[in-house]
Amino acid sequence: DFVDFVRMTKDRWFFVIGDVSGKGLSASMNMLILKSMIRTFLRVEKGFIGLVGRVNSFIKENLPRGTFFAGTFGYFDFAEGNLYYINCGIPVIFLYSPGFDTFIEVQGEGRVLGFVRDVTPFLKPRKIALPQGSVLAIATDGVTDSENVRGDRFGKERFRRSVRERLEKPSREIADGVAEDLLAFLDHKQEDDITLLVMKIKERSPE
């Protein structure tokens with residue numbers, strides 16, 4: 001699992017979060033290679049769909065057979081207050097709406113990368129507004145699919161409740177709290193990698 005941020009302009013940040021298949025040293029090496037290549041493609045590819053398509057082709061043609069990536073590519077436009085993203089298999093993206101005091105699942109459909117040679121016809125860019133007071137919470141399947149000794153999954157609902165209980169806290173404390181809840185649920189026997197992205201949208205400074 002990994003998350004990476006790249007500042008594109010004064011108000012735009014690109015990010016990618018996700019899970020590279022496999023375990024151990026080989027999976028770690030694949031993750032480092034993929035992370036490096038994504039940054040390389042960002043410098044030469046102007047289109048959002050084209051970028052994700054090139055990442056898919058690289059996984060299919062250059063990484064070990066059977067390697068896949070389940071994640072999300074996106075960028076924040078803080079001047080507009082919007083998030084643009086393409087879901088490629090991330091299991092849950094929650095957006096807390098302060099206006100409705102509720103969580104909305106916004107992940108939509110997602111096509112995992114690395115299975116087909118040309119994934120571009122299946123990619124669906126999305127745009128959501130990030131109003132002041134909203135909270136964005138994204139998790140890999142290491143969070144939602146982790147099972148305790150009774151075979152119960154942590155799941156989306158426990159993830160949602162864990163975030164909601166900490167809405168008044170800074171984003172770092174929300175993420176740490178979710179990790180603590182997950183470990184307690186698993187009796188501190190976590191077997192899969194986990195990655196969380198939590199962002200709180202505050203009022204913009206006049207500066």
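# Exercises on helices, a pocket and a loop

In α4, the buried residues are Gly 155, Phe 159, Ser 162 and Val 163. They cover an arc of only 115° around the axis, which puts them on the same side of α4. The structure is a predicted model, and the exercises below work through it helix by helix before turning to a pocket and a loop.

**Exercise 1. Find what the buried residues of α4 pack against.**

Start from the buried residues of α4, among them Phe 159 and Val 163, and look for the elements in contact with them. Among the strands, the partners are β5 (92-97), β6 (102-105), β8 (135-139) and β9, while the helical partners are α3 and α5.

**Exercise 2. Describe α5 by its span, its buried face and its exposed face.**

First take the span: α5 has 15 residues, and the distance from its first C-alpha to its last is 21 Å, close to the 21 Å expected at 1.5 Å a residue. Next list the residues of α5 that are buried, which are Ile 174, Ala 175, Gly 177, Val 178, Leu 182 and Phe 185. Viewed down the axis of α5, these buried residues fall within an arc of 160°, so they line one face of the helix. Then turn to the face of α5 that points away from the buried side, where the exposed residues Arg 172, Glu 180 and Ala 184 are found. Finally, ask what covers the buried residues of α5: the cover includes α3 (141-144), α4 (155-164) and β9.

**Exercise 3. Decide whether Gly 177 is buried or exposed, and identify what it touches.**

Gly 177 has its place in helix α5. Its relative accessible area is 2%, and because buried means under 20%, Gly 177 counts as buried. When residues up to four places away in sequence are not counted, Gly 177 touches Ser 162 and Arg 166. Of these two, Ser 162 is itself one of the buried residues of α4. For Arg 166, the sequence separation from Gly 177 is 11 residues, and the C-alpha to C-alpha distance is 7.7 Å.

**Exercise 4. Work out the span and the cover of α2, then place Gly 50 and Pro 64.**

The helix α2 has 15 residues and reaches 21 Å from first C-alpha to last, which is close to the 21 Å expected at 1.5 Å a residue. Its buried residues are Phe 48, Leu 51, Val 52, Gly 53, Val 55, Asn 56, Phe 58 and Ile 59, and what covers them includes β2, α1, β3 (69-77) and β4 (82-88). Gly 50 also lies in α2, which runs over residues 48-62, but Gly 50 counts as partly exposed because its relative accessibility is 25%. Its C-alpha atom is separated by 12 Å from that of Ile 38, and the two residues are 12 residues apart along the chain. Beyond the helix, Pro 64 is found in the loop between α2 and β3, and at 45% relative accessibility Pro 64 counts as partly exposed. Pro 64 and Asn 30 are 34 residues apart along the chain, yet their C-alpha atoms are separated by 8.5 Å.

**Exercise 5. Give the volume of the largest pocket and say which residues line it.**

The volume of the largest pocket is about 270 Å³. The lining consists of Met 8, Arg 12, Phe 14, Leu 42, Arg 43, Glu 45, Lys 46, Gly 47, Phe 48, Leu 51 and Tyr 75. Two or more lining residues come from each of β2 (12-20), α1 (24-44) and α2. Sorted by class, the lining has six nonpolar, one polar and four charged residues. Two of the lining residues, Phe 48 and Leu 51, also appear among the buried residues of α2.

**Exercise 6. Which backbone angles stand out in the loop between α5 and β9?**

Most residues other than glycine have a negative phi. Just after α5, however, Asp 187 takes a positive phi of about 55°, and this residue is found in the loop between α5 (171-185) and β9 (196-200). His 188 lies in the loop between α5 and β9 as well, and its phi is near 60°, again a positive value in a residue other than glycine. For the surface of this loop, His 188 counts as exposed because its relative accessible area is 60%.

Note on methods:
Residues numbered from 1 in each chain as written. Predicted model: local features only at pLDDT ≥ 70, side-chain atom pairs only at ≥ 80, totals over all residues. Heavy atoms only, no water. Helix = DSSP H or I, 4+ residues; strand = E, 2+ residues; numbered from the N terminus. Buried < 20%, exposed > 50% of the residue type's maximum accessible area, 1.4 Å probe, protein only. 1 Å grid on protein atoms, 1.4 Å probe; cavity = no way out; pocket = protein on both sides within 12 Å on 5 of 7 lines; lining within 4 Å. Points joined across faces, edges and corners; volume = space filled by probe spheres on them. Nonpolar A, V, L, I, M, F, W, Y, C, P; charged D, E, K, R; others polar. Expected span 1.5 Å × (residues − 1). Arc of directions from axis to C-beta. Contact = heavy atoms within 4.5 Å.
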